[in-house]
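Grab a pencil and work through a few short exercises on the structure shown below. Try each task yourself before you read its solution.

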Amino acid sequence: MAFHMLSCGGGRFAGRKVLCVGSPRVVEVAREYGFSHAVGVKDVIRGDPNIYPLHAHRYTDTSPATPPEEAPSFAAVRAVECGCLTCCTPYVHAHVLDQVIVFHDPWEWGADLQIALDVLRGGSPLGSGSTQAVPFFHCNPDFVCTPTRSPSCCAPRCGVWLTSVRLSPDADRYGVPRLTCGAFTECLRHLFQVSTGHELETTYFGKPEPITFRYAERQLLDIARRLHPDDDTVQTAAAEGAPPAHVFDRIFMVGDNPAADIKGANQAGHPWHSVLVRTGVFGGEEANHAEFPAHSVRPSLVEAVDEILSFQQQE
């Protein structure tokens with residue numbers, strides 16, 4: 001998953017109070033990756049139910065809230081200074097949350113869009129700011145989930161391509177692509193622009209972003225270091241963060257999405273070698289993809305593995 005890279009974010013994420021957007025278990029997942037101060041949308045709503053007026057009727061998330069003893073201090077609310085001690089409305093402090101991260105596909109778009117927009121705008125009360133108050137990170141730019149064999153009508157929309165990532169085991173049962181987390185972020189970016197007049201600055205993780213392939217290279221170097229403790233070249237390259245070509249003759253990227261898998265591998269450069277398979281997004285009869293051609297095209301993963309093994313035998 002793209003959010004694996006966040007656990008290597010170092011000082012960028014350490015100790016931060018992060019609004020985590022995704023499925024009902026997103027806070028649990030975030031904490032497994034080291035986000036000790038992770039906060040869910042439902043935590044913000046429970047801190048002040050007035051922040052999302054449709055909460056009582058539409059917010060159907062039944063997963064448990066973050067345990068009060070583990071959550072950031074949402075007791076840190078302020079009362080509207082109206083001079084009355086009995087009718088003051090609580091608001092979550094704008095500075096309670098430092099970042100917004102879309103981990104994976106949100107389940108409650110209405111609530112998630114509203115709260116994410118509020119935190120990104122900041123201000124007091126939360127959501128009253130007119131510029132971007134906190135950084136925004138998105139872990140998967142894929143726009144839709146497509147069936148394994150998408151119909152010919154499933155062309156890219158708005159410059160965003162399809163993905164073969166499945167939302168659930170039943171995702172293939174509907175013959176037309178379904179919106180996923182990339183579409184959610186497009187909505188959020190549009191809402192931010194309309195409401196503030198500014199573009200939402202977004203840092204993306206996931207294919208085809210270069211940071212994803214740099215992360216893969218670091219992981220491969222670390223594996224090579226542990227497998228070859230007596231190889232000075234490998235040990236030095238891993239310790240100094242040397243380019244992967246110093247250790248690997250070739251790194252194979254096998255995928256079915258030309259705009260994500262193949263584009264990312266091609267722009268990563270040597271020693272990456274892109275292999276496009278016809279078992280997902282790319283299912284046409286053309287010899288290769290026109291815009292993002294792979295180094296080689298294979299019918300399925302089986303033939304792709306054969307190519308990899310053949311390369312090793314040639315060595």
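S296 touches H273, S274, V275, L276 and E307, leaving aside residues up to four places away in sequence. Keep in mind as you go that this is a predicted model.

**Exercise 1. Get an overview of the protein chain: how many helices and strands does the protein chain have, and what share of its residues is buried?**

Start with the elements: there are nine helices and 13 strands in the protein chain. Next, look at burial: of the 315 residues, 43% are buried. Then turn to the surface, where the accessible area adds up to about 16,200 Å², with 53% of that belonging to carbon and sulfur atoms. Finally, check the contacts: taking those between residues at least 6 apart in sequence, 59% join residues at least 24 apart.

**Exercise 2. Place S296: which strand holds S296, and is S296 buried or exposed?**

First find the strand: S296 sits in β13, which covers residues 296–298. Now for the cover: the relative accessible area of S296 is 10%. The cut-off for buried is under 20%, so S296 counts as buried because of its 10%. Last, look for a polar partner: the side chains of S296 and E307 make a polar contact at 2.9 Å. E307 is also one of the residues that S296 touches.

**Exercise 3. Describe β12: how many of its residues are buried, and which strand pairs with β12?**

Count along the strand, residues 272–277: six of its six residues are buried. Then sort the side chains by direction. W272, S274 and L276 point one way, while H273, V275 and V277 point the other way, and all are buried. For the partner, go to β11 (residues 251–255), which pairs with β12 in the parallel sense over five bridges. To see this pairing up close, find I251, which stands opposite W272.

**Exercise 4. Look at E303: where is E303, and how far is E303 from V275 in sequence and in space?**

Begin with the helix: E303 belongs to α9, residues 301–314. With a relative accessible area of 30%, E303 is partly exposed. Next, compare sequence with space: E303 and V275 are 28 residues apart along the chain, and their C-alpha atoms lie 10.0 Å apart. Then check the side chain, where E303 makes a polar contact with the side chain of S300 at 2.4 Å.

**Exercise 5. Hunt for unusual backbone: which peptide bonds into P208 and P271 are cis, and what phi does G241 take?**

Here's a rule of thumb to begin with: most peptide bonds are trans, and most residues other than glycine have a negative phi. Now go to the loop between β10 (202–204) and α6 (210–227), where P208 lies. The bond from K207 to P208 is cis, with omega near 5 degrees. Move on to the loop between α8 (258–268) and β12, which holds P271. The bond from H270 to P271 is cis too, with omega near 10 degrees. For the last step, visit α7 (residues 232–240): D231 caps its N-terminal end, with a side-chain oxygen 3.0 Å from the backbone nitrogen of T233. Just after α7 comes G241, whose phi is positive at about 65 degrees.

**Exercise 6. Find a nonpolar patch on the surface: which residues form the patch?**

The members are L220, I223 and L227, and together they have about 260 Å² of accessible area. Zoom in on L220, which is in helix α6. L220 is partly exposed, at a relative accessible area of 30%.

Methods:
Residues are numbered from 1 along each chain as its sequence is written. This is a predicted model: local features need pLDDT of at least 70, side-chain atom pairs count only at pLDDT 80 or more; totals for chains, interfaces and linings use all residues. Side-chain values use heavy atoms; hydrogens and water are left out. Helices (H or I, at least four residues) and strands (E, at least two) are DSSP runs, numbered from the N terminus. Buried means under 20% relative accessible area, exposed over 50%, partly exposed in between (1.4 Å probe, protein chains only). A polar contact is a pair of N or O atoms within 3.5 Å; within protein, one must be able to donate a hydrogen and the other to accept it, and residues adjacent in sequence count only if both atoms are side-chain atoms. Contact means heavy atoms within 4.5 Å. Accessible areas come from the Shrake-Rupley method with a 1.4 Å probe; for residues, only the protein chains shown count as cover. Patches are made of residues with over 30% relative accessible area and no salt bridge: like charges are joined within 9 Å, nonpolar side chains (Val, Leu, Ile, Met, Phe, Trp, Tyr) within 5 Å. A salt bridge is a side-chain nitrogen of Lys or Arg within 4 Å of a carboxyl oxygen of Asp or Glu. Two strands pair if DSSP finds at least two bridges between them.
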